[in-house]
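Q: Can we go through this model together? I have some short questions.

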Amino acid sequence: MACRKWKRRSSMIKSIIRYFIAPVLLILLQVLVLNHVHLFNRFTPQFYLLIIILLPFETPRWTMLFYGFFLGLTIDVFTDSLGLHTISTLFAAYIRHFILQVLAPRDGYEPGMLPRAKTFGFPWFIKFAFALTLLHHLVLYIFEVFKFSGIGTIIIYTIVGTLFTTLTLVISQLFIFRK
Amino acid sequence: MLQGLTRFIRTYYTFLLFLFLEIIGLTLFLNQHAYQRFAFLNSSNQLTASLYDGFRGITLYLDLNHSNQILVQENLRLHKQLNDVKIRTPYQSYQHGDFKFVSARVINNSIHKRRNMITIHAGRNDGVRPDMAVISPAGVVGVTYAVSANYCTAVSLLNEQFKLSAKIKKNGYFGSLTWNTGHYQDATLTEIPTHVNIELGDTIVSSGYSSIFPEGYMVGRIEEIILPPGSNFYDIKVRLAVDFKSLDYVYLVDNRNKIELNGLQEMEKEVFHD
């Protein structure tokens with residue numbers, strides 16, 4: 001009896017950490033540290049996408065949308081780029097469902113599983129993170145360089161930025177040892 | 001009919017919700033006024049700014065040496081100026097009475113975006129209003145934009161939407177200065193006619209013709225002079241004096257006669273353009 005109570009409480013603590021504390025820490029890491037990183041004087045790793053990536057498979061799609069919207073808005077408030085990250089992160093949150101469908105293993109995802117490299121292997125995670133980041137960065141750079149430079153610039157920025165961000169996302173998976 | 005509509009909404013509700021939220025995002029992105037009007041949507045809000053402020057308090061020690069150097073240099077310059085003023089007639093310095101100065105610390109700054117903004121630890125309670133000039137010991141930095149109780153954000157000179165009225169110090173010819181959106185130290189001065197005598201290394205200062213910036217604050221030096229074919233005006237590349245990479249202490253300058261000045265300029269517009 002006591003054991004079951006303890007189990008329930010520990011899983012509650014776990015989800016509080018996972019869905020409230022960890023995202024806040026990741027946002028702080030993004031705005032206080034990573035936003036000062038500029039590869040080739042331009043590319044900042046948009047590491048906060050990890051929050052969207054690591055949400056459980058069974059997250060309702062409307063929750064995903066609100067999550068993406070408010071996550072992007074928060075980043076926008078910190079970086080004084082009102083709307084830019086809101087648009088792109090919301091898009092990433094919307095498209096995640098379809099990417100997961102394409103990448104699904106033959107017998108589908110089991111409820112309670114998390115989309116981590118530890119569970120599905122690095123090749124799967126790299127594919128997933130790369131696709132999500134690519135679409136996010138495409139929207140991000142379309143709106144950022146919007147009307148000033150041509151499609152060529154947007155494509156080059158998107159590719160380099162995506163590679164950089166994906167690299168940081170994959171590295172993050174090396175730090176998750178427990179299943 | 002109604003049944004069909006309900007079925008449509010039920011089938012596509014995620015897509016419709018996505019569209020709805022995306023439209024909100026786009027409205028925020030395209031609406032310039034939203035940023036300024038709602039302080040909680042930019043980094044001058046209490047939570048964001050105090051976070052930046054606290055973190056800046058830690059990293060401040062890393063470039064203390066450099067900031068001290070800049071402040072010492074400025075002290076030296078001010079001492080010299082003070083000396084000059086004492087020698088000259090008292091009328092020379094009375095103009096500064098028109099301006100009010102507030103000193104403040106930069107708590108967040110960026111240089112790699114196209115629209116760079118600066119978060120500053122001074123707000124309404126310190127007498128800060130939108131459209132005040134921001135200068136550092138080295139020269140012109142930007143203009144305050146959105147103001148909350150204790151913090152404000154300023155449009156950096158490194159912002160594609162920033163335009164500064166600047167002049168060549170030695171002969172007073174003035175033009176408009178914009179950032180090149182590439183490197184954080186390069187700007188372009190345009191509208192200088194070709195008959196004007198200029199040389200590399202000439203000093204560019206603020207002209208004082210806008211109601212925001214006082215006259216004579218350092219902007220930068222001429223690095224390259226380009227004459228576009230068929231044009232009567234130079235494109236002058238300017239190396240900015242302020243090192244935006246290590247911005248620390250700034251002054252906010254309030255032009256007390258600004259309302260009067262703006263009123264006059266409005267009147268002028270009405271008289272001459274209608």
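A: What follows covers the folds of chain B, its contacts with chain A and its charged pairs.

Q: Fine. Any ground rules before we start?
A: This is a predicted model, in which local features need pLDDT of at least 70 and side-chain atom pairs count only at pLDDT 80 or more, while totals for chains, interfaces and linings use all residues. Residues are numbered from 1 along each chain as its sequence is written, chains are lettered from A and ligands numbered from 1 in the order in which they are written, and side-chain values use heavy atoms, with hydrogens and water left out.

Q: How many helices and strands does chain B have?
A: Six helices and 12 strands. These are DSSP runs numbered from the N terminus, with helices being H or I of at least four residues and strands E of at least two.

Q: Which strands make up the closed barrel?
A: In chain B the order is S1-S2-S5-S4-S3-S12, with antiparallel pairing; two strands pair if DSSP finds at least two bridges between them. From one strand to the next the twist averages 45°, where axes are lines fitted to C-alpha atoms (for helices over the stretch in contact) and angles between N-to-C directions run from 0 to 180 degrees.

Q: How many bridges hold S1 and S2 of chain B?
A: Three, between residues 99–109 and residues 115–120. B:Asn108 sits opposite B:Thr119 there.

Q: Now the interface. How many residues of chain B are in contact with chain A?
A: 34, against 32 in chain A, with contact meaning heavy atoms within 4.5 Å. The two chains bury about 3200 Å² between them, 69% of it on carbon and sulfur atoms. Buried area here is the accessible area (1.4 Å probe) that two parts lose on being put together, summed over both. In chain B, B:Phe29, B:His112 and B:Arg114 lose the most area to chain A, together 23% of what that side buries.

Q: How many salt bridges between chain B and chain A?
A: Zero, a salt bridge being a side-chain nitrogen of Lys or Arg within 4 Å of a carboxyl oxygen of Asp or Glu.

Q: And over all chains, how many salt bridges?
A: The structure holds 10. One of them joins the side chains of B:Lys170 and B:Glu199 at 3.8 Å, N to O. B:Lys170 is in the loop between S6 and S7 of chain B and B:Glu199 in the loop between S8 and S9, so the pair ties together parts that are 29 residues apart in sequence.

Q: What else does B:Lys170 form a salt bridge with?
A: B:Asp202, the closest N and O atoms being 2.9 Å apart.

Q: Are B:Lys170 and B:Asp202 buried or partly exposed?
A: B:Lys170 is partly exposed at 45% relative accessibility, whereas B:Asp202 is buried at 12%. Buried means under 20% relative accessible area, exposed over 50%, and partly exposed in between (1.4 Å probe, protein chains only).

Q: Where is B:Glu160?
A: In the loop between strands S5 and S6 of chain B. B:Glu160 is buried, with a relative accessible area of 19%, and B:Arg114, B:Arg115 and B:Glu160 are linked in a network of salt bridges.

Q: Last one: which strand holds B:Ser206?
A: S9 of chain B, residues 203–206. B:Ser206 counts as buried at 0% relative accessibility. B:Lys167 is 39 residues away from B:Ser206 in sequence, but the C-alpha atoms are 6.1 Å apart in space.
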